[in-house]
Amino acid sequence: GFHTRIQAQPGGEARAEVRGKNEADMGTICALTGKSSNPSNRLMATLATTVNGLKFPNPFVIASGPPGTNAKVINRAFKEGWGGVIAKTVSLDASKVVNVGPRYAKLMAGDGKEVIGWENIELISDRKFETWIDEFKEIKDAYPDRILIASIMEEFSKDAWCEIVERCQDAGVDSFELNFSCPHGLPERKMGAAMGQNPEVLEEVCQWVMSVAKIPVWAKMTPNVTHIEEPTAAALRAGCHGVSAINTIRSVMGVNLETLRPEPSVEGYTTPGGYSSKAVKPIALRMCMEIAQLIRKDFPGRTLSGMGGVETGADAAQFILLGSDTVQVCTGVMKFGYGMIKPLCEELLAFMEGKGFETLEDFKGHSLQYFTTHAELVRMQTARKAAEAAVKEGMVKSDAEWDGDEFVKQSNSLSR
C-alpha cells in the first residue's frame with residue numbers, strides 16, 4: 001500500500017511523497033518541487049502548471065468573492081498555499097456599491113447538517129479603488145511569486161474599462177478576470193450578467209480591454225444563458241486569453257413557511273441571487289465541457305478556469321478531465337476555511353499517482369472524447385447487442401471461426 005504526506009517547501013509550494021512498503025523497490029513519488037535523483041525507478045507527479053504564461057505552484061485559485069475581499073485575507077490564502085487568488089471584483093467608483101444583510105441563504109442536506117447549496121445577494125467590493133491599488137502593490141511585494149488576479153467590472157464605457165485596466169496593471173497584478181457574470185448586482189447599470197448575456201456587447205468590451213491590457217485576460221462567463229458557447233466565443237474572438245466558468249446561477253433559495261417571505265429576507269423582501277456550492281457542480285461540469293469542446297474546435301491554445309461546487313481534489317480532477325487548466329474555489333473556502341488547500345492538493349496528487357499521470361496536462365480534457373449525441377448512444381448500444389446476439393447464436397465473423405463439429409449450425413446461422 002501507499003501513504004501520502006504533504007511537506008511545506010520554500011516559496012509556498014508543497015511536496016507530496018507517496019512511499020511503498022518497500023521504499024527501495026517502490027521509490028518515492030514527489031510532486032511540485034525538485035527532481036528525482038533516481039529517475040529510472042521514480043515517478044514524478046507535479047501540480048505546478050503554466051497557464052497563459054502564468055506560473056502556478058498548483059492549479060487551485062480562490063475565486064472572486066468574500067475569500068479575496070482585502071489584502072489581509074489574500075495574504076492568508078497565499079500563506080496557506082493557494083496557487084492563485086482572484087480578488088473580489090473592483091470598480092472605479094465604489095460609492096455606488098451598498099450591501100445589505102442578511103445576504104446569504106443556505107440549502108441544507110436532509111440531515112440538516114451539511115450545506116449543499118448557497119445563495120448570495122452580495123455585491124462587488126465596496127472598498128475604494130485607491131485602497132485596492134495600494135493593497136495590490138502590498139500583496140505583490142509580500143508574495144511576488146504568487147499569481148494575483150484582479151477581477152474588474154465597469155459600466156458600458158470604453159474610458160472606464162481602459163482606465164481600470166491600466167491602473168490595475170500598473171499596480172502589479174498578474175492577470176485580469178472580467179466580471180461579466182454577477183447575476184444580481186447592478187443590472188440597472190448594465191453591469192455583470194446584464195453585459196455577459198449579450199455577446200455583441202461583451203465582445204466590444206473585451207476588445208476595449210485587449211487594446212490596453214499588457215497581461216493575460218480571462219472573461220468570466222455567466223451560466224444564466226441558453227448556450228454558454230456564444231458569449232465564450234465572443235470573448236475569445238475579441239482576443240481574451242481564456243475564460244472562467246461558471247459564475248453563480250440565478251436563484252431563489254426558498255420561502256419561509258412561517259412568515260411567507262422569500263429568503264434571504266431584507267426588510268421582508270428579497271431579490272433573486274447567485275446559487276453556488278456542491279449542488280451546482282453537475283451544471284458547472286456540463287458548461288465547462290461545452291466551453292472546452294469549443295476551445296478545442298475553434299480556439300486552440302486558449303484556456304479555461306473551471307469552477308462550481310469544488311470541495312475536494314476529486315472534484316478538481318473532474319473539472320480538469322473536462323478541459324479546465326485551473327480550478328477555482330469560493331464557497332468551499334467559506335465553508336471550510338483557507339486550510340482546505342492542503343487536502344485539495346493531497347487528494348488531486350493521490351488521483352494522479354493512482355493513474356500514473358505526471359502533470360496536469362497529461363489528463364486535461366481526457367474525458368471530452370467520451371461525449372456524443374443520444375442518437376449515437378442508441379446506435380452503439382444497438383450494435384453491441386447485435387454483436388452479442390450473433391455470438392450467442394454461433395454466427396461466425398471470420399473464416400478462422402468455422403468449426404467442423406458446428407459447421408451445419410454455423411451455416412444455418414448465416415442464412416436468412
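**Strands, cores and unusual backbone**

Biologist: Let's start with strand 11: which of its residues point the opposite way from F176 and L178?

Modeller: In this predicted model, the residues of strand 11 point two ways, and all those named here are buried. F176 and L178 take one side. Strand 11, residues 175–179, is mostly covered, with 5 of its 5 residues buried. Opposite F176 and L178 are S175, E177 and N179.

Biologist: Which helix makes a β-α-β unit with strand 10 and strand 11?

Modeller: Strand 10 (residues 147–152) runs parallel to strand 11, and 4 bridges join them. Among the bridge partners, I152 is matched with L178 and S151 with E177. The unit that contains both strands is right-handed, and its helix is helix 4, residues 158–170.

Biologist: On the strand 12 side, what is the bridge partner of E177?

Modeller: Strand 11 and strand 12 (residues 217–220) are paired in the parallel sense over 4 bridges. E177 is also the bridge partner of S151. In strand 12, the partner of E177 is W218.

Biologist: By how many degrees, on average, are neighbouring strands of the barrel turned against each other?

Modeller: The barrel closes from 8 strands with parallel pairing, in the order 6-7-10-11-12-13-18-19. With direction ignored, the average turn between neighbouring strands of this sheet is 25°.

Biologist: There is an open sheet as well; which strands stand at its edges, and why is one side of each left without a neighbour?

Modeller: The open sheet has 4 strands in the order 8-9-17-14, paired antiparallel. A strand at the edge has a single partner, so one side of it has no neighbour in the sheet. The twist from one strand to the next averages 35°. The edge strands are strand 8 (104–108) and strand 14 (249–251).

Biologist: Within that sheet, which residue of strand 9 is the bridge partner of K106?

Modeller: Strand 8 pairs with strand 9, residues 115–120, in the antiparallel sense. Their pairing covers 5 bridges. The partner of K106 in strand 9 is W118.

Biologist: Turning to the interior, which helix gives the largest share of the largest nonpolar core?

Modeller: In soluble globular proteins, nonpolar side chains tend to be buried together. Here the largest nonpolar core has 91 residues, and W82, F136, I152, C168, F176 and L178 have the most contacts inside it. The largest share, 9 residues, comes from residues 281–298, which form helix 8.

Biologist: And how many residues are in the second, separate core?

Modeller: For the largest core, C168 serves as an example: leaving out residues up to four places away in sequence, C168 touches F129, I133, F136, A150, I152, V173 and F176. The second core is separate and includes V51, F56, V61 and I86. Its residue count is 8.

Biologist: Is T303 buried or exposed?

Modeller: T303 belongs to strand 18, residues 303–307. Beyond its neighbours within four places in sequence, T303 is in contact with V51, N52, W218, H241, G242, V243, I295 and D325. Its relative accessibility is 6%, and the cut-off is under 20%, so T303 counts as buried.

Biologist: How many disulfides are found in the whole structure?

Modeller: C288, at 0% relative accessibility, counts as buried. C330 also counts as buried, at 18%. The search of the whole structure gives a disulfide count of 0.

Biologist: Which residue follows G101 across a cis peptide bond, and which follows A245 across another?

Modeller: Most residues other than glycine have a negative phi, and most peptide bonds are trans. The bond after G101 has omega near 0° and leads into the loop between strand 7 (84–86) and strand 8. The bond after A245 has omega about 5° and leads into the loop between strand 13 (242–245) and strand 14. The residues asked for are P102 and I246.

Biologist: One last puzzle: where does S277 lie, and what is its phi near?

Modeller: S277 is buried, with a relative accessible area of 3%. S277 lies in the loop between strand 17 (273–276) and helix 8. S277 is not a glycine, but its phi is positive, near 85°.

Terms used: Residues are numbered from 1 along each chain as its sequence is written. This is a predicted model: local features need pLDDT of at least 70, side-chain atom pairs count only at pLDDT 80 or more; totals for chains, interfaces and linings use all residues. Side-chain values use heavy atoms; hydrogens and water are left out. Two strands pair if DSSP finds at least two bridges between them. Helices (H or I, at least four residues) and strands (E, at least two) are DSSP runs, numbered from the N terminus. Axes are lines fitted to C-alpha atoms, for helices over the stretch in contact, and angles run from 0 to 180 degrees between N-to-C directions. Buried means under 20% relative accessible area, exposed over 50%, partly exposed in between (1.4 Å probe, protein chains only). A crossover is right-handed if, with the strands pointing away from the viewer, the path from the first strand over the helix to the second runs clockwise. A nonpolar core is a set of buried Ala, Val, Leu, Ile, Met, Phe, Trp, Tyr and Cys residues joined through side-chain atoms within 4.5 Å. Contact means heavy atoms within 4.5 Å. A disulfide is a pair of cysteine sulfur atoms within 2.5 Å.
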